[in-house]
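Grab your viewer and work through the exercises below. Each one sets a task and then walks through a solution.

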Amino acid sequence: MGGDGKVYTLAEVSQHTTAQDCWIVIDGKVYDVTKFLDDHPGGDEVILTSTGKDATDDFEDVGHSSTAKAMLDEYYVGDIDTAAVPAKTKFVPPPSPKQTESDQSKSSDFLVKILQFLVPLLILGLALGIRSYTKTPSSS
């Protein structure tokens, strides 16, 4: 198709989200993939769910081949206005109270397991010690 170097906003790209008019954004470039929808090995629905946003992560997560990446050139229509695309931030959830309880629970579980092993050994040792201490020599 060959783009003319036009710069699109995300709002403009978001107007092309149907099977009859489908644009996606990958690595800062805008592609009109409408004609490719029927040929996409994963089906058109996979592409349609990636419209109206930056689909770079979706595209990369699948692990497309270099051939598939080269095919994009055929559908290029322009670039995305990077000021209009929200910056990507990696979400790191704060530790939840359950996690800290879980860590405490793990240490107490370890102590319980050690005691479950040692207490019977101590009782057995004590019983054997008492038995040998109280055993009187038999007279022959």
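Before starting, fix one cut-off: buried means under 20% relative accessible area, exposed means over 50%, and partly exposed is anything in between, with a 1.4 Å probe and protein chains only. The model is a predicted one, so local features need pLDDT of at least 70 and side-chain atom pairs count only at pLDDT 80 or more, while totals for chains, interfaces and linings use all residues. Residues are numbered from 1 along each chain as its sequence is written, and side-chain values use heavy atoms, with hydrogens and water left out.

**Exercise 1. Find the salt bridges and say how open their residues are.**

Step 1: set the rule. A salt bridge is a side-chain nitrogen of Lys or Arg within 4 Å of a carboxyl oxygen of Asp or Glu.
Step 2: apply it. The count comes to 2 salt bridges.
Step 3: take K69 and E60, whose side chains meet at 3.6 Å, N to O. K69 is partly exposed because its relative accessibility is 37%, and E60, at 36%, also counts as partly exposed.
Step 4: take D58 and K53, where the closest N and O atoms are 2.9 Å apart. D58 comes out partly exposed at 30%, as does K53 at 35%.

**Exercise 2. Lay out the sheet.**

Step 1: list the elements. Helices (H or I, at least four residues) and strands (E, at least two) are DSSP runs, numbered from the N terminus. The chain has 5 helices and 5 strands, running β-α-β-β-β-α-α-α-β-α from the N terminus.
Step 2: pair the strands. Two strands pair if DSSP finds at least two bridges between them. The 5 strands give an open sheet in the order 1-5-4-3-2, with mixed pairing.
Step 3: look at the edges. Strand 1 and strand 2 (17-18) each have a single partner strand, so one side of each lacks a neighbour in the sheet.
Step 4: walk inward. Strand 1 (residues 6-8) runs parallel to strand 5, joined by 3 bridges, and V7 stands opposite D79 in strand 5. Strand 4 (residues 29-32) meets strand 5 in the antiparallel sense, again over 3 bridges; here D79 is the bridge partner of K29. K29 is also the partner of I26, in the antiparallel pairing of strand 3 (residues 21-26) with strand 4 over 4 bridges.
Step 5: check strand 5 (residues 76-80) for burial. Of its 5 residues, 4 are buried, so the strand is largely enclosed by the rest of the structure.

**Exercise 3. Which residues form the nonpolar surface patch?**

Step 1: pick candidates. Patches take residues with over 30% relative accessible area and no salt bridge, joining like charges within 9 Å and nonpolar side chains (Val, Leu, Ile, Met, Phe, Trp, Tyr) within 5 Å.
Step 2: collect the members. They are F110, I114, F117, L118, L121 and L122, with about 620 Å² of accessible area together; areas come from the Shrake-Rupley method with a 1.4 Å probe, and for residues only the protein chains shown count as cover.
Step 3: zoom in on L118. This residue sits in helix 5 (residues 97-134) and is partly exposed, because its relative accessibility is 38%.

**Exercise 4. What share of the chain counts as buried?**

Step 1: use the burial cut-off from the start. Of the 140 residues, 22% count as buried.
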